[in-house]
Each structure stands twice: as C-alpha cells, then as structure tokens.
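Here is a short briefing to read alongside the model. Please keep the sequence and the 3D view open as you go.

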Amino acid sequence: MAGLTPIAITGLGVLSGAGMNLPESMETLFRNERHPHPPFRFSTDHPVSYPVLELREEFKLPLDAGETVYARTSQLALVAALEALTDAGWNVESLRDKRVGVCVGTTVGCALNCDEFYRAYKDEEQPDMKIIERFLRSNPAAVIARQLKLDGPTQTVVNACSSGTDAIGIGASWLRAGVCDIVIAGGADELARVTYAGFSSLMITDPDPCKPFDAERKGLNLGEGAGLLVLESAKVREEKKTRGTLLGYGSASDAHHLTAPHPDGTGLKQALAVAFVAADVTPEQITFINAHGTGTPDNDRVESRVMNDVLPGVPFVSTKGYTGHTLGAAGGIEAAFTVACLQRQEIPASIGFSTADPELLTTPVQENCSVFGDVALSESLAFGGNNAVLIFGRGES
Amino acid sequence: MKMAIQGIGLTAGFGSGIEALRSALQSGRAASVTGNGEQSAFRADVSGLAEFIPKRALRRIDHFSKMTLLGACLALKDADLLDADRSRTGVVIASGYGALKTTFNFLDSYLDFGYSCSSPTHFSNSVHNAAAAHVSIQLKTTAPSLTVTQFEMSVPSALLSAQQWLAEGRVDQVLFGAVDESCDVLTYCREQFFGSGEQGPLQPLTFAEQSAVAGEGAVFFVLNRETDTAPYGFIDGVRMGNYLVRPTILPEGDQLIVGADGHKECGRWYQQLLKGRKVAAYSPLYGSFPAAVGFDLAVAAVSQCDGKLYASPAANGSPAALPTQKLGGEQLSCLKLGPGGDYGLIRLST
C-alpha cells in the first residue's frame, strides 16, 4: 500500500458527557473537569453503583422529526451530524444536489437488546411492538441519511470500541474512490443497562472515576455521546478552509482473544504501521497521541507498551476520563478532539492519572500543555481484537 | 475496481456448500420448511464445521458464529486456500441483526438471576463483531476486520468497503460474508407484524402477497483483485442511494436478481421501481432475512459460472419472472430495496 490522498475535514460535531457540543466539550477538557455519577437514566440491582458520564442536559432534535421517534443513539448521531454540517458551512438544503455518504460506528445502536420488551416477552405479557418498530427505524447511519434526505452510501459499522475510528477511515475511502462528494462519518452510542451489566460482568469497570494509565487503575467508566466529522472531496470543498486533514487510517486484527488485546500489541503495531504508510508520515512527525486509554489494566498496559516501542517520547492523553468510554462513539469523539487540539496546538491533562505504574514505560500528560506540530494520531482498540488508527494533519482555519 | 470471486462457501436451509446451492437451483425446489417446536424457518446445519475446526475450540462459540465459521471455511476450501497464509486476508461481515440468540441469552442471565450474575461469556459473544473475531482467531486472519449492520442494506454496504480495501491495497483478499440467524423472539415479532402462518410457500414475485418465511444462514466469498482468473466471475461495482431523493437508473440490459422475499410492503417497492420488468428471485431457497442478499449474490455468481440463469423457484407462472435461460453477453445485477427509498445494486460480470 502506498501513501493515499489526504481527505479534508471541514466540520466537527460532538455531544458527550463533557459537553453538549464541541466547544463546550473542549472547554471542559481544558478546565480539567469531569462529572461522573451513578446512572440516572436506568437502574439495576447491581450491588456496586459504577459511575458513568451521561449527557449533562437533555437535548432536543433540532430538526422536525414529525411523529418519528428514534432510539437515543440515533438522536445523538443526528445532533452531532448537524453540528458538524453547520461547522462545515452546509445547510441541509444545500446538500440536495450532492452525493453524501454516511458512515457511523456504534455498538448499542444496532443491538436488539431491548430488555424491557424481552422481559415482557419472557413473561408472556404481549409486549408493545413499538419498541421493536423504533429499533427497526433507528439504524444510526440510515437515520441521518433519511432525516437529512441524503442520496449516497450508508454504513453502520459495528466493530465494538473501534467502530467510530473505522467509520471515519472507511468514509474517507469512499471519497477517494469517488463514490460520493461528502461523507458524514464518526460514531454514536447511548448509555444502556445492557452494556452497564455487560462490562460489570467482565469486571473491567472502575467503581470510582476512571484512572487511565495510572498505577491504581481498575477499569473504565461508561459514557455516551456522538462525534461526527464532515469529510469533503477536493471538488466540493473548493476554497473552503479545513478544520484538519485525514492523512491516514490503518486497522488490523490481533487474532488472539475475544475481549483481551494481544499482550504484545501486534494488531495495534500493525494498524500503526499501515496508518503511517497511508499517511506517508513517520512516527517522528507525530505531535501528540489521543490514546484509547480506557483505564482497564490490560488495555493500558498493551497500549503503553506499543506507544513506547513505536512512538517513544510522544506526549499522549486519554480523554476518556472526561467523557467515559463511549464505545462505538469513542473513535468519533476522540477524532474530533484530536483535530481540535491540533488546531489549537494544545492538549488537556489526562484526567485521572496521578501515580505512575512501574510496569508501564510511558505516562500521559498531567497538565494542559502546548504542542508544536502539524500531525497527530488517535487510536482505538476493541473487543474482537480490532485495532484502528487515524492520523490527522493540522487545518487551516 | 472489479473484485474477482475465487470461492464461495455457504450454509442455509438447503444445505451446506456450493453444490447444495447448485442442486437447489437445478431442482427448482424450495427447501422444506423445517421447524423447531412452534417455529417455522429455514435452518442452517453447522455440523460440517467439525471438518475444519476442532470441537474443543468451538465450545464457547454460539450458533451464529458457527454458521459464520462454516461459511468462511467452505469458501476458503472452494478457493483452495485452506492452507494458505492469511496475514493479508481481510474479513468483512454483513448482518442485519447480529447474534440474536446470544443477545437474548445475555439478557436472560441478568433478568433471571440479577445483574451481578450477568454472563460475561454471553455478553462478549453478543457484541456484533464477535463472529468476525472468531473468524480471525480461528483462521489467523490478522488484516483488517469489519462488521456492518445496516438491516436490508448490510450486504451492499459492507461490499462497498471490501472493494475499497482491495482498491487501496490494504488487503490482498477479502473473506466477505453475510450472516443472519433466526430465533424465537424474531418469530414472535414476525407474527406480531405479519400474522401467524409462515408456513410457506414463499412467493417473492407475487409482490402483493405476504408470504415471507424466516430463514437463516451464512454465505462467504473469497474476493481478490485478480483480473484473469475468477471461477465465479467478477463483482464490477456496488451502488447505494435513495431513489426517492434521486431517481435511480437500473442497468437496462442486465438480468436482475431481486431481493424480494415475500414481504408485502417490500413487494410494493419492487413493483414501483421495476415497472413490469421481468426479474428473478431466489429467496424461496433460503428464506427471508436481511443478509439473504448475500445468497442472491451467490446465486448470481453460480449462474455466471454455469452460464445460465436458473428459474425463480415458486414463481408459479408469475408474469414478473424471467424464464430459465442461457446467459449470453448480458450482465447480472442484484437489487435490494429497503424502507424509505434505500437501494443497493451489485453488478457482476464474467
């Protein structure tokens, strides 16, 4: 594989536990604040109340969705997509004569895990089919495309926690192939009782605010949100200034274990190698890394080892302390943060980190700090052994 | 960029392997509707997996992933690549619903015994990319892996990405699969939506009637960039869009295989778009499920290989059905329609 054509990023949209839009989220990051709390939106009988990072406010869909009700994941995706489009200078009507693709990563957004429906089904209570109808009309990529009346390819990527990162890399490939003119790409996921129960069962959830890369880390905090980017072909973009450039994307599989990363990080190393070739840049050019940094013992150990081997000395941050682990949305949100940080030439402190782990050879940044350079990297590791990496160039605006 | 089809592996209600599909096509018989208790559905038998994967390795692998693994192994065998190095083989899987049974098994674990008894095994296997992970672990494919869930559009959408991976040189070949499974909850939902009585026969070209019968199965293709050798021909391209936003033009000279599968509502969309054009449909051989588009694609590939378009099963003299015919220079295309005007068109050539 040779170097690939860079793709312009013209708009960013984020909805997260750190803020209801990108500027608000960035402010929270650079104020080094976080607001984890027990889940408000659902309850369980689990003996431990694990903190989560939910959206701080309710939101309203800015579009008239009529009587149509979408699942929360799709609503999050739609709100972030509209923010990104506005940021890119597009109104919905102006997209009518364009071929616009939508590529969104998720986990909860595609799982038929409607536990209230299923409980009623098990109890032979003739459950209300409206829950299933809502699920069937809530495929995140399809919702954005239909609600905005777009004509182009749609894809909902379900690669677990690397979904959002993969979706952006795939969306870029559509533009390079001329399949469409514009792509709305990223990730979205809602907090759900099912994932809360699932991650608790795997014993990788921290009962306190998470501590990525810290010696005392015990696991992740779940979060929710969406992060969407607007990618544009050169033909459509014309003279418009960019937020950033997607220089490269790489992905690879560990082929090792369903839930644990390969101890040597072989898949992540391979994904990095592919991304560097695609971007035609070297590790020495990387200004900073937005690490996956979930706060689980395994993830942080492997990721730290790989960063030390491949990108020694490059400053890195995990933003999951601010947003929680938003699963399929994480790659989208963190891509937007990476692009925005590259623009302002500054990265926030990796919140939650205080004590270096003697087993890890790297430590994240502990204070907000300036960075000087034009290239940054965001990486995601996922269940199933998926590893995905995006390399971004600094924008003009 | 064209994708060469080097091998096909599949398992569904008609049996397992390419010869089982060919036999079903030749006989023109719809597979028998087999039941499990009250359910009616085309079921896939995964016992053939023992030929490829040790039983011990399959202990914690669910039915969905077993179908996936069987389809993948059969495709590699068909392409004579079972023993090949797969470090540059990508895995792309399309599924409308993912591993439904395991999803509900996980819910059972906490609904029955409390949240602190949630099953980590069921949870990790219910994640949509678990099947792709099992493929990569068992078959040692270390290149990129992708799982797509786009309901009816899952197959064309995922195929588009497989094509870009090959075009960008990210992989040398792709194990491309389409998988869905049936389960009791799905049967219940179908009964609520469509009424009971999914006993067949499934008559996809009788567009105005509800005749769908749930099915399940896995179909895999070994795809690469070869330009000379392609036993089943080539996939020329994939087009997706929304014909209500911008009218789509169907390729005039092509023989169309449509993804109509006995749903009255969907039948109406095909009727509107096809405007009386004769087409072929093969869902009576495998049943109705979102990933069945992958089986339509397999039928198209086998038809190219055999140089003939097989008769649509259960067509019952429908004026919409293309007759059995030798294929001359014309191309085959697979068309799938979804709600709200979504369409996916996969075009093949020899």
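**A strand and its neighbours, and a buried arginine**

In chain B, Thr11(B) stands opposite Ser16(B), a residue of S2(B). This is a predicted model, and the notes below look at strand S1 of chain B and then at Arg217(A).

**Strand S1 of chain B**

- S1(B) covers residues 3–12, and 10 of its 10 residues are buried, so the strand is largely enclosed by the rest of the structure.
- With strand S2 (residues 15–16) of chain B, S1(B) pairs in the antiparallel sense over two bridges.
- These two strands, S1(B) and S2(B), form a hairpin, with two residues between them.
- Strand S8 (residues 217–224) of chain B runs antiparallel to S1(B) and is joined to it by eight bridges.
- Within that pairing, Leu10(B) has Val219(B) of S8(B) as its bridge partner.
- Strand S9 (residues 234–242) of chain B is also antiparallel to S1(B), and two bridges join them.
- Here Ala4(B) has Phe234(B) in S9(B) as its bridge partner.
- As a general reminder, side chains in a regular strand alternate between the two faces of the sheet.

**Arg217 of chain A**

- You will find Arg217(A) in the loop between helix H7 (193–201) and strand S6 (222–223) of chain A.
- Is this loop residue buried or exposed? Arg217(A) has 24 other C-beta atoms within 10 Å, and the cut-off for buried is 20 or more, so Arg217(A) counts as buried.
- Leaving aside residues up to four places away in sequence, Arg217(A) touches Lys211(A), Pro212(A), Gly295(A), Pro297(A) and Asp300(A).
- Asn113(A) is 104 residues from Arg217(A) along the chain, and their C-alpha atoms are separated by 29 Å.

Technical notes
Residues are numbered from 1 along each chain as its sequence is written. Chains are lettered from A and ligands numbered from 1 in the order in which they are written. This is a predicted model: local features need pLDDT of at least 70, side-chain atom pairs count only at pLDDT 80 or more; totals for chains, interfaces and linings use all residues. A residue is buried if 20 or more other C-beta atoms lie within 10 Å of its own, exposed if 12 or fewer, and partly exposed in between; C-beta atoms are placed from the backbone. Helices (H or I, at least four residues) and strands (E, at least two) are DSSP runs, numbered from the N terminus. Two strands pair if DSSP finds at least two bridges between them. Two residues are in contact if their C-beta atoms, placed from the backbone, lie within 7 Å.
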